[in-house]
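Colleague: I have a few minutes before the next spin ends. Walk me through the contacts, and tell me how each label is earned.

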Number of protein chains: 2
Amino acid sequence: MRCIDQFKSAAIKNPTLTDVARTAGVSYATADRVANERGNVAQKSVQKVKEAMTQLGYVRNVAAANLSTNRIYRFAFLIPGGKNAFFKRMRLHLQRVSDVMMADRVHIEVIDTDAFKSASLFEGLQQVVASNADGVAVVGLSTSNLEKPLNALRAQGVPVVGLVSDLPTHQRDAYIGINNKVAGRTAGRLIGLSHAGLPGAVALLAGSLKAQDHCDRLMGCREVLEADFPNVELLPTAFTFDDQQKVHDAAVEALASNDRITALYNVGAGNIGLLKALESTARPARFFCLVHELVSHTRTALVNKQIDVVIDQRPDVEINRAMTYLQALVDNRDIPPMQEHVPTIYVRDNVPSDIPETD
Amino acid sequence: MRCIDQFKSAAIKNPTLTDVARTAGVSYATADRVANERGNVAQKSVQKVKEAMTQLGYVRNVAAANLSTNRIYRFAFLIPGGKNAFFKRMRLHLQRVSDVMMADRVHIEVIDTDAFKSASLFEGLQQVVASNADGVAVVGLSTSNLEKPLNALRAQGVPVVGLVSDLPTHQRDAYIGINNKVAGRTAGRLIGLSHAGLPGAVALLAGSLKAQDHCDRLMGCREVLEADFPNVELLPTAFTFDDQQKVHDAAVEALASNDRITALYNVGAGNIGLLKALESTARPARFFCLVHELVSHTRTALVNKQIDVVIDQRPDVEINRAMTYLQALVDNRDIPPMQEHVPTIYVRDNVPSDIPETD
DNA sequence: AACAAAATGATAGACGTCAATCATTTCTAG
DNA sequence: CTAGAAATGATTGACGTCTATCATTTTGTT
């Protein structure tokens, strides 16, 4: 953009620190002292060098710098292990990206954590502290206190990025994830729209009120329906602890007990159970079904018209963003401009065809 | 992932070509000849070197390579100029990204083309051919024949990426953009869902049948409604040539003439005219309004409940992807894994808050 | 003016790759 | 067996930055 004139001419050359030193009228050593803040430089020299930098549009050549220091980026990702399809998808993407990132000297280690055990997270983090990583991304747990290891990391200058579930603001450098209240509101909006003003009743399934994200989603959904769709009644939430069997039973019960039911929204996980319930149970004539997270089985159900909408968090995008953030933080660079990460809505027509099998 | 063991130990080092040569039992020169395909190497040597590479997990250090060749990436983006808010947003993102990319030695030139003039595109491309860019991204035009300049570029080894509107498959290396039939189907699905089985009629506005993307969207929308929502009638399409005034008039007429109208879908541009019409005209009790492309005014209208859904192409994501593709193509690298780019659905709750003003 | 302290200059090796050159060895055909 | 071709080895400078050392100049203090 700023370089159209140069661009046209055959040879473009970025100014080097030597160029800066020359136009500033100082030696390379001094320019270097200024650039790398090594101190022992007179104010007026600092001034001269900085002016030369802006004048020439000097940009530090990160590649050369990394080469000279033999820089390698070692990033650790702490992600819940186990059978959860969403995190499986996340780990799969991480693995794929990892191969490509090798060329950029980015090494990735994935540490499986126990999804709901605070101790496991704590232990994983301590492992990272010891492994002298350059950056860490953590899927946190709102109930666990990770202050000590996180502060230890950040005291070492290791940036920490919260992933999917936020950490206390002062314990991390950035948060990459959706706003779950927004996700809930989005669900509420779509449920409301699907009623076209007709009366209806929504069955709600959630894991537990202890999960902050589930709470937020429920709240968002309720907010929108109460404000904009008084024709839609909210039935009491059933809690499933994200267990497939419990989800199944709750869905069957909801469908059977209330013949006014027109919509079902599962705020949490365990959708396989829900799908089984939908297969075996008669569905009302008017029925709108909405779940979270696009994985192979929810995708199939979407295409097969068992469910109508999937709200997805785009774990691949989140991983990419985490990586970008970590690199920028480590290099002390500007973070590239990126649009706010919001929940994605999939209906059966805009669903990507390349969702990997994770089962 | 593959390097957990190394990761744990304090010092990690990527193998260099010297290491490869050593374990292959050949000189650096020979290893280099293999790595850079310079020829004049015996088959068995090639074999030995390649084996050593896979054995050690050698990955070419792109940073060092680019440093030694003084590589600079010069990418040209041919994007329609003028007042169109969507392309304004695209150019704005390009500009922002450009600043950050300077650190990676990526220079970006944006060439404004005349949105609908084939000659302008042709001229712009010839300009690029002359400017010896390293890669080109073009917003094409289905009606124009760009075979000559495109082939000239690709003959020079300059990768060409089609953006937003596809080019003939054999004339480009990749296409970055949404599938417009999918976009239309998505619109149709949402319109259908919004009727909850009640009867309705959809007013359709489009620019012109000459625009391939508009055709595709109309077709997709019709497909879904006819197949899955027989209760929704499709009214004849009004053609607006993407002119605000014509869009306004068509919308007013549609709302006035047909009291059964329950939805309006503008397949094309000129939404400012539509918004004016919605402000001044009485809307039916049941009314679902859907448009394309999130820009400041459509975002405002979404939040203010004038429209219900915006289907967006995510120009920022498209730009980023184009950049990634071009870099990978130039470096002859693998393209990082990325999920299929599909149209994004925005309702007023999941709409990003940081859409820049482009008016 | 003398002296220490602060600032500056000059320079060199390392990082991994590319792109050369030139000498030497090995292979192949007649 | 030998000339010529093909293959290989050895080596070098450049790219831009970092890090270090050491010599020299300038500054400020008494």
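Colleague: What makes A:Asp349 and B:Arg189 a salt bridge?

Modeller: This is a predicted model, so every value is computed from it. The closest N and O atoms of A:Asp349 and B:Arg189 are 2.5 Å apart. The cut-off is 4 Å between a side-chain nitrogen of Lys or Arg and a carboxyl oxygen of Asp or Glu, so the pair qualifies. The count between chain A and chain B is six salt bridges.

Colleague: How many residue pairs are in polar contact across the interface of chain A and chain B?

Modeller: The rule finds 20 such pairs, both residues at pLDDT 80 or more. Several elements give two or more residues to the side of chain A that touches chain B, including helix 1 (4-8), helix 9 (180-193) and strand 11 (344-346) of chain A. Helix 6 of chain A gives the most, with ten residues. By class, that side has 40 nonpolar, 15 polar and 26 charged residues.

Colleague: What area do chain A and chain B bury between them?

Modeller: About 7,000 Å², with 58% of it on carbon and sulfur atoms. The contact takes 81 residues from chain A and 81 residues from chain B.

Colleague: Why is the relation of the two chains called a two-fold axis?

Modeller: In general, two copies of a chain are related by a rotation about an axis and a shift along it. Here a rotation of 180° with 0.1 Å of shift along its axis superposes chain A on chain B, at an RMSD of 0.2 Å. That is the relation of a two-fold axis. The same surface serves both copies, and 100% of the contact residues of chain A recur in chain B.

Colleague: On to the DNA. What makes B:Tyr58 a polar contact of DNA strand C?

Modeller: A polar side-chain atom of B:Tyr58 lies 2.7 Å from a phosphate oxygen of that strand. The cut-off is 3.5 Å, so B:Tyr58 passes. B:Leu17 also reaches a phosphate oxygen of DNA strand C, with a backbone N or O atom at 2.8 Å. A:Ser68 meets a base oxygen instead, 3.1 Å from a polar backbone atom.

Colleague: Which residues come nearest to DNA strand C?

Modeller: Of the 25 residues around the strand, A:Ser27, A:Ala42, A:Ser45, B:Tyr58 and B:Ser68 come nearest. Sugar and phosphate account for 69% of the atoms of DNA strand C that come within 4 Å of the protein. Helix 5 of chain B gives the most to this surface, with four residues. By class, the surface has ten nonpolar, eleven polar and four charged residues.

Colleague: How do you know that B:Leu67 is in polar contact with DNA strand D?

Modeller: A backbone N or O atom of B:Leu67 lies 3.4 Å from a base oxygen of DNA strand D. That is within 3.5 Å, so B:Leu67 counts. A:Ala64 has a polar backbone atom 3.3 Å from a base nitrogen of DNA strand D. B:Ser45 has a polar side-chain atom 2.2 Å from a phosphate oxygen.

Colleague: Which helix supplies the largest share of the surface near DNA strand D?

Modeller: Helix 5 of chain A, with four residues. In total, 27 residues surround DNA strand D, with A:Asp32 and B:Arg33 among the closest. Sugar and phosphate account for 70% of the strand's atoms within 4 Å of the protein.

Conventions
Residues numbered from 1 in each chain as written. Chains lettered and ligands numbered in written order. Heavy atoms only, no water. Contact = heavy atoms within 4.5 Å. Buried area = accessible area lost by both parts, 1.4 Å probe. Polar contact = N/O pair within 3.5 Å; in protein donor to acceptor, adjacent residues only side chain to side chain. Nonpolar A, V, L, I, M, F, W, Y, C, P; charged D, E, K, R; others polar. Near = heavy atom within 4 Å. Least-squares fit on C-alpha atoms with pLDDT ≥ 70 in both.
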